[in-house]
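Could we go through the aromatic rings and one loop residue of this model together? I would like the reasoning along with each value.

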Amino acid sequence: MSTSEPRPAAIPPAAAQSSEATPTGNFITDRIDADNQAGTYGGRVATRFPPEPNGYLHIGHAKSICLNFGLMGRYSGTCNLRFDDTNPETEEVEYVESIEGDVRWLGFSPTAVLYASDYYQGIYDCAEQLILDGKAYVDSLSVEELRQYRGNYYIKGIESPYRSRGVDENLDLFRRMRAGEFEDGQHVLRAKIDLASQNMNLRDPPLYRIRKNTPHHRTGSTWPIYPTYDYAHPLSDAFEGITHSICTLEFEAHRPLYDWCIHELADTPAGKRLFRSRPQQIEFARLALTYTVLSKRKLIELVKGGHVHGWDDPRMPTLAGLRRRGITPEALRAFCDRIGVARRDSMVDVALLEHSIRDNLNDKAPRVMAVLNPLKVVITNYPEGKTEEFDAPYFPDVPGSPTRKVPFSRTLYIERDDFKEVPPKKWYRLSPGKEIRLRWACLITCHEVIKDASGEVVELRCTMDENSRGGNAPDGRKVLGTSHWVSAPHALKSEVRLYDRLFRLPNPADVPEGQDWKTALNPDSLQIIDGAMLEPSLATSEPGRHVQFERIGYFFADPLRSKPGAPVWNRTVTLKDTWAKLEAKGS
RNA sequence: UGGGGCGUCGACAAGCGGUAAGUCACGGGUCUUUGGAACCCGCAUUCGUAGGUUCGAAUCCUACCGCCCCAACCA
């Protein structure tokens, strides 16, 4: 989808997957190293990325994807994409498609694309085995009752009257559950563990529930019962031969249950059971980003509430949104390498993401000129009707860079911000009597400021130094200021969309007591400019092209909104702006 | 009134008993036809706090403080 100018050989492609540095180790690689040392898995490393297909992937998932697939790369292992589709009430094919596409877009190829639903029969068989072993029973309490019986943090749970059902009755009832003889909620299969456990997850957790009339997006109506996450996940891992099952911190309290499932069903020295492998769950801290919201609930609220224009709105932290904003997979991967992996809750500064984006696009995006907020400039000593073309390099820092022709004429546009009638201190740019350089064209000096009735500056009358073609001072005099410009009669008038942070607070949850988090939304997160004036070479830009508008930022030709010959440009990220910083400091 | 986890620079994060890596941010400078990029320099005598063990502690022990997670037939 992305195009770029033929890059001069001097610049290496920005981070081909193979040339990316191996990130430093973390507590997970330490674990794996120890396992390899001990021969726990015979040196095998098998991971998986297990999304539930009930929503779009976001940058937090990217961290997990990079982690799991990164481990595959680091240890020459495997990494499956496995859809954790055990809840038919919320899952849809639309999501499985977008998720797989996002993973591949990020640059990873799963060893296999699998589904928990692929294992429904095996998972079921394991359940019968548990019943046979007296380790699971069919309970017929209502949801309400079950909750009562389970107790709470301070009060132990008490046994359900159905806990003592015999193996035969349990097996019969469970098979009838499977046969679809019961209604939702009538029965549930529970593990028989410990109602007094201080870990609530061990107080006889549900293993199977009835969802008789809810079709599953893959298995249709063949199953009236569905396994819970806690039960299906360890088994799916085991069936796939996963060695290290990596998930986020909130699942930590579930690990004893994960281990219980493996322990009860895996082969033992004493004999064969349902499977051989003994995967281990390892938790890490999920990503939090400043000025961003990543909870599924809040993301849905943004979309449904019309605060953004859909899941792929360029302001969204979804992979679809980031992609449309012009953020590259390379930048995202570099970002994930930089943030590291640990167990402590943390909030990463978006500036780190922005740096990763600029760092990647700096190598990759050709430089072009665009005037977002035009101010007319007339070169009084340049003949009316005359036109000439200047050569401008796409990659100015690279010797021998490819170039394009940029037309020049008597009437131009420069950026309104590049002129000040009363220059502040340290102002390099244009003001009455001052000289600046027009990038790649010539030096000009401002002689006259023309205003309209309301006093607004509408035109500048300038002269050019005839001997400064290309922008070099004929006598070597220093000209600090350089402005980008566009020839008015040749300008391509375009729509440019300036995207900014979606929230105005580093932590959108830090809203005053009682206020909704959405009050932290940044009202200026999208500014649409209809009349931007671009150099004409941009007319033929393919959707998905990355460019740098010099001195402004990196922009991306929107794949959806662009029309042939009329690209619409999304600002991916601004350039660092030292002047803005100086200005802010001065005031 | 329970259980589990975590606390190293403004933000991430190495460190695993031998005397505080790196990145971003920030500040200063060089260079510059992007106030961009690049390059150079600076930025934790100190590791939540208080004790203890040790020749030596961010690393071990004890206590305390703070933050996060757990009572869905969600994942």
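**Rings and a loop residue**

Reply: Happy to, starting with Asn522, which is buried because its relative accessible area is 14%, where buried means under 20%, exposed over 50% and partly exposed in between (1.4 Å probe, protein chains only). This is a predicted model, in which local features need pLDDT of at least 70, side-chain atom pairs count only at pLDDT 80 or more, and totals for chains, interfaces and linings use all residues. Residues are numbered from 1 along each chain as its sequence is written, chains are lettered from A and ligands numbered from 1 in the order in which they are written, and side-chain values use heavy atoms, with hydrogens and water left out.

Me: Which residues is Asn522 in contact with, leaving aside its neighbours within four places in sequence?

Reply: Contact means heavy atoms within 4.5 Å. With those neighbours set aside, the partners of Asn522 are Asp500, Arg501, Leu502, Phe503 and Arg504.

Me: Are the rings of Tyr382 and Phe408 buried or exposed, as residues?

Reply: Tyr382 has a relative accessible area of 1%. Phe408 is at 0% relative accessibility. Both values put them in the class buried.

Me: What is the distance from the charged end of Arg178 to the centre of the Trp223 ring?

Reply: A charge sits over a ring if NZ of Lys or CZ of Arg is within 6 Å of the ring centre and within 35 degrees of the ring normal. Arg178 sits over Trp223 in this way, and the distance to the ring centre is 4.0 Å.
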